[in-house]
Amino acid sequence: MRLKKQGLYSPEFEHDNCGAGFICSLDGNKSNDIIHKALEILKKLEHRGAVSSDGKTGDGAGILIDIPHDFFVNVCAFELPEAGDYAVSNVFLPQRENQRNFCIGALESEIKAQGLVLLGWRTVPVNKSVPGRIAMETAPFIAQIFIGKERDIQDEATFNRKLFIARKKAEHCIYNSKLSEQGFFYLPSLSTKIIIFKGLLMPEDISLYFTDLQDPRVITRLALVHQRFSTNTFPTWDLAQPFRYMCHNGEINTLRGNVARMRSREELLKSDLFGADIKEILPIILPHKSDSATLDMVVELLLMTGRSLSEVMMILVPEAWEKNDNMSPEKRAFYEYNSCMMEPWDGPASIPFTDGNFIGAVLDRNGLRPSRYSVTKDGFVIMSSETGVVDIAPKNLALHGRLEPGKMFLVDMSAGRIINDEEIKEQIALKHPYKKWVQDNL
């Protein structure tokens, strides 16, 4: 539950600095070992976080992994379709049963209104003796929802868009209600690819609290982890990271302007993909969230328009392009074109990101947050806000480097390769005739 403005405290001045990292299999091989290694990264980032007066309540920690399809097939009391044909999310719900039922009903109603199929619910097994007293006072009831698609929904993009609309409409319904525990309602993710486990937990307590993470049947190709340090904030369960597509080490210093401009754009939003639903999902940015959560909401909206995640990150966190004489005309035109529609979300910011297909990171143009990566000979890629988060034998190290200001790093697990910054951005810049569009229309 987030505190409201009182006395000298105002939510708009909240900031946070954190530790973030990821590990993935370069060849896309799933294993339970990746989860263990990711949790080890999280433990070694513990000094990046903080602990409350009870000695057990952290500022927030979490892990993002692939949906463990075979595990869910075995533990769910209902039948699941093939992997990729359904979405799942952990759902934070009110502690009081009557308010919990209202939230469940609102979410189910919007799911059905989008022509989607409710497959079932599963209570997430948690060990309530693990978190600190302060964390448990605000701990939500956590359940998993499984949603399938109707036969007429063939492509993944349409399915994801309908999931997005259903979730946003349910959020607005609940947050505009008079429920005393409306702030407990939250979906960390709702995806056909990934699932997120997070909360006001110490790094070493993530797998102890979410006991599913101890099961050897839970396997993944990738894991994104985050340890939050709330510099001037009141930690809450929903503001623990990772968020739906990214996590963030640093601050968005331009946040007030970014939010104001996004609100002004809402009057002009149109989309053939959304139709009349475009007005129903507003506001895009929910009030009283952190800078990282706010950025993630904008990332999500742009993804729903058909852009790739790397393209979205180029738009939101551009490199310094205005006076760069060494930049190609095509890339410069891309940045100039998109600057007419979206201003930079400037850091200092290091942002690891994933959509479940690719995983990578971008460093803002100021370059004031460290992002170091290692590639091992046995096929792992590790990136973090510092080195030494995973023990690697020197003879197993194939490559070691760091992200430079404004640069991007991307792992294509399907192709089994790392795509460098120049290749990523030139491909995106050449996708449309941005140079002609700028010349003809600016």
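Which residues in α10 meet which residues in α11? Let's begin with that contact and then walk through the rest of the structure, keeping in mind that this is a predicted model.

## Where α10 meets α11

On the α10 side, the contact is made by Glu311, Met314 and Ile315, and on the α11 side by Phe334, Tyr335 and Asn338. Sorted by class, the residues of this contact are 4 nonpolar, 1 polar and 1 charged.

How do the two helices lie against each other? Two packed helices can be described by the angle between their axes and the distance between those axes. Helix α11 covers residues 329-339, and it packs with α10 at an angle of about 70°, the axes being 9 Å apart. Angles of 65 to 115 degrees count as roughly perpendicular, so α10 and α11 are roughly perpendicular to each other.

## Where α10 meets α12

Helix α10 has another packing partner to look at, α12: here the angle is about 90° and the axes are 10 Å apart. Therefore α10 and α12, too, are roughly perpendicular to each other.

You can find this contact by looking for Ser310, Glu311 and Met314 in α10, which meet Ile424, Lys425 and Ile428 in α12. The class count for the contact of α10 with α12 is 3 nonpolar, 1 polar and 2 charged residues. Glu311 and Met314 are worth a second look, as they take part in the contact with α11 and in the contact with α12.

## The sheet of 3 strands

Now for the strands. One open sheet has 3 strands in the order β3-β5-β4, with antiparallel pairing. Its edge strands are β3 (86-93) and β4 (116-123), each of which pairs on one side only. On average, neighbouring strands of this sheet are turned by 25° against each other, direction ignored.

Strand β5 spans residues 141-149 and runs antiparallel to β3, the two being joined by 8 bridges. To see one bridge for yourself, find Asn90, whose partner in β5 is Gln144. Two helices to look for on this sheet are α3 and α5. Helix α3 (residues 97-113) packs on the sheet and touches β3, β4 and β5, with its direction at about 150° to that of β4. Helix α5 also packs on the sheet, touching β3, β4 and β5, and its direction makes about 140° with that of β5.

## The sheet of 7 strands

Another open sheet has 7 strands, ordered β6-β2-β7-β1-β12-β11-β13, again with antiparallel pairing. Here the edge strands are β6 (194-199) and β13 (397-402), each pairing on one side only. From one strand to the next, the twist averages 10°.

At one end of that order, β6 pairs with strand β2 (residues 61-66) in the antiparallel sense over 6 bridges. Within β2, look for Gly62, which stands opposite Lys198 in β6. Helix α1 (residues 33-44) lies across β1 (19-25), β2, β7 (222-227) and β12 (380-384), and runs at about 20° to β7.

## The second largest pocket

Helix α10 comes back into view at the second largest pocket, which has a volume of about 690 Å³. This pocket is lined by 33 residues, and the closest to its centre are Leu303, Arg307, Leu309, Asp355 and Asn357.

The elements that each supply at least two lining residues are α5 (156-175), α9 (291-303), α10 (309-316), β15 (417-419) and α12 (421-429). Which of the elements gives the most to this lining? That is α5, with 7 residues. By class, the lining of the pocket holds 14 nonpolar, 9 polar and 10 charged residues.

## The cavities

How many cavities of 30 Å³ or more does a search of the whole structure find? The search finds 3. The largest cavity holds about 90 Å³ of space. Of the 14 residues that line this cavity, the closest to its centre are Tyr186, Arg244, Leu286, Ala293 and Met297.

Two familiar helices, α5 and α9, are the elements that give two or more residues to the lining of the largest cavity. Helix α5 gives the most, with 4 residues. By class, this lining has 7 nonpolar and 7 charged residues, and no polar ones. Helix α5 thus appears in three of the places visited here: packed on the sheet with β3, β4 and β5, in the lining of the second largest pocket and in the lining of the largest cavity.

Methods. Residues are numbered from 1 along each chain as its sequence is written. This is a predicted model: local features need pLDDT of at least 70, side-chain atom pairs count only at pLDDT 80 or more; totals for chains, interfaces and linings use all residues. Side-chain values use heavy atoms; hydrogens and water are left out. On a 1 Å grid over the protein atoms alone, a cavity is a set of points where a 1.4 Å probe fits but cannot get out, and a pocket is an open set with protein on both sides within 12 Å along at least five of seven lines; lining residues have an atom within 4 Å of a point. Grid points are joined across faces, edges and corners, and a volume is the space filled by probe spheres set on the points. Ala, Val, Leu, Ile, Met, Phe, Trp, Tyr, Cys and Pro count as nonpolar, Asp, Glu, Lys and Arg as charged, and the others, Gly among them, as polar. Axes are lines fitted to C-alpha atoms, for helices over the stretch in contact, and angles run from 0 to 180 degrees between N-to-C directions. Angles under 35 degrees count as roughly parallel, over 145 as roughly antiparallel, 65 to 115 as roughly perpendicular and the rest as oblique. Contact means heavy atoms within 4.5 Å. Two strands pair if DSSP finds at least two bridges between them.
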